[in-house]
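Please look at the sequence and the 3D structure shown here, and then read the report that follows.

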Amino acid sequence: MATTYNDNGGAVNGSNLEYTFSFDYIKTEDVKVALNGITQASTKYAVTTSPTKITFNNTSVDSTVQESTGAPKTGVTVRVFRDTDVESPKATFAAGSSIRASDLNNNHEQLMFALQEKQNQPGRFTNADLNPTAEIEVSKLKDGTAR
């Protein structure tokens with residue numbers, strides 16, 4: 001499977017503002033950050049291309065997961081991930097126009113990235129709080145009955 005995210009790409013120690021990632025992306029707006037599973041506003045961090053990393057700032061700090069500097073608190077899970085925009089194709093073709101290989105490749109890459117991201121997503125659950133050791137309680141079942 002292709003890599004579409006990096007977890008804790010730097011030390012989560014309450015002072016680290018930079019987190020690295022190693023996946024490819026089309027545009028910097030496709031790079032997102034989640035703290036403890038909650039996707040953060042893009043105004044809270046900046047994406048740098050060389051080297052590939054995100055840097056937190058102190059804009060709109062959430063004190064439950066961030067220090068006043070913007071750095072994630074110790075114990076917070078930091079996930080840097082790709083969420084490719086597929087609302088519109090990278091290239092649009094018009095009747096009678098020439099089709100360039102680079103345009104076809106760009107559209108193909110956009111779709112391939114979106115499919116990789118879908119493939120890396122865990123199954124969807126409703127009202128779930130899942131971790132690798134989670135057990136399903138009767139109260140978590142839709143109608144509250146056991147098997």
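How many Å² does the protein expose, and what percentage of this do carbon and sulfur atoms supply? The protein exposes about 10000 Å², and carbon and sulfur atoms supply 49% of it; accessible areas come from the Shrake-Rupley method with a 1.4 Å probe, and for residues only the protein chains shown count as cover.

This is a predicted model, in which local features need pLDDT of at least 70 and side-chain atom pairs count only at pLDDT 80 or more, while totals for chains, interfaces and linings use all residues. Residues are numbered from 1 along each chain as its sequence is written, and side-chain values use heavy atoms, with hydrogens and water left out.

**Elements and sheet**

The protein has one helix and seven strands, which run β-β-β-β-β-β-β-α from the N terminus on; helices (H or I, at least four residues) and strands (E, at least two) are DSSP runs, numbered from the N terminus. Four strands form an open sheet with antiparallel pairing, in the order β1-β7-β3-β4, where two strands pair if DSSP finds at least two bridges between them. The edge strands β1 and β4 each pair on one side only. Between β3 and β4 the antiparallel pairing runs over two bridges, and Ala34 stands opposite Thr39 in β4.

**Core**

Of the 147 residues of the protein, 26% count as buried, that is, under 20% relative accessible area, whereas exposed means over 50% and partly exposed lies in between (1.4 Å probe, protein chains only). The largest nonpolar core has 15 residues, and those with the most contacts inside it are Val33, Ile54, Phe56, Val78 and Val80; such a core is a set of buried Ala, Val, Leu, Ile, Met, Phe, Trp, Tyr and Cys residues joined through side-chain atoms within 4.5 Å. The elements that give two or more residues to this core are listed here.

| Element | Residues |
|---|---|
| β3 | 31-35 |
| β6 | 52-56 |
| β7 | 78-82 |

Of these, β3 gives the most to this core, with three residues. Not counting residues up to four places away in sequence, Ile54 touches several residues, among them Leu17, Phe21, Val33 and Val80, where contact means heavy atoms within 4.5 Å.

**Loop residue**

Phe93 lies in the loop between β7 and α1 (101-120), and Phe93 counts as partly exposed because its relative accessibility is 34%.
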